[in-house]
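Q: Please take a close look at one strand of this chain. I would like to know what surrounds it and how it sits within the fold.

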Amino acid sequence: MTSSPTHDTPIEWRLHYDAPCSLYTHPAELAAVAKLAGHTPPPLEGARVLEVGCALGGNLSPIAATLPSSATLIGVDPFVEQIEQAQRRAEQMGLTNVTYLPLGVEELDQVEGAFDYIICHGLLSWIPQEAQLATFELCARRLSPQGVAYIS
């Protein structure tokens, strides 16, 4: 189900959310923290990265610009207008390794495969409990064996 905000949607959800890039969510940062904790994270070359609740792509597009072109980045958000703008911005930046899809966390079965890095930054406080649970289930089911999830 793809949706745009309606008059029944809380006011804060109807606003376009254009957050700047958070360095804490960058897969290179996540890999470094994982290594310091004794894990062996997936390499950035060829990595699959998912950002749930990507809004206008203000976080994911800059990340995509710094990762190898062999990395695949997918941003999802249920609000079509934000996703369309995120995709336009990525195209204007010449990014070929990032795609934006108008999907909620409960709809991610439409996207195949495991992810090496899953980013859920600032998401949990904005979404209903069912979506919060779906976020944790997504990480449990779709994170690659050495994958790293960032949930804040």
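A: A crossover counts as right-handed if, with the strands pointing away from the viewer, the path from the first strand over the helix to the second runs clockwise. In this predicted model, strand E1 (residues 48-52), helix H3 (residues 60-66) and strand E2 (residues 72-76) form a β-α-β unit of that right-handed kind.

Within the unit, E1 pairs with E2 in the parallel sense, over five bridges. One of the residues involved is Val52, whose bridge partner in E2 is Val76.

E1 also pairs with strand E4 (residues 115-120), again in the parallel sense, here over three bridges. On this side, Glu51 stands opposite Ile119 of E4. E1 thus has parallel pairings with E2 and with E4.

As for cover, four of the five residues of E1 are buried, which leaves the strand mostly covered. The cut-off for buried is under 20% relative accessible area. Over the chain as a whole, buried residues make up 44% of the 152 residues.

The wider setting is a chain with five helices and five strands, arranged along the sequence as α-α-β-α-β-α-β-β-α-β. Among contacts with a separation of 6 or more, 77% join residues 24 or more positions apart. The surface that the chain exposes comes to about 8000 Å², with 57% of it supplied by carbon and sulfur atoms.

Key:
Residues numbered from 1 in each chain as written. Predicted model: local features only at pLDDT ≥ 70, side-chain atom pairs only at ≥ 80, totals over all residues. Heavy atoms only, no water. Buried < 20%, exposed > 50% of the residue type's maximum accessible area, 1.4 Å probe, protein only. Helix = DSSP H or I, 4+ residues; strand = E, 2+ residues; numbered from the N terminus. Pairing = 2+ DSSP bridges. Contact = heavy atoms within 4.5 Å. Areas by Shrake-Rupley, 256 points an atom, 1.4 Å probe, with all protein chains shown as cover.
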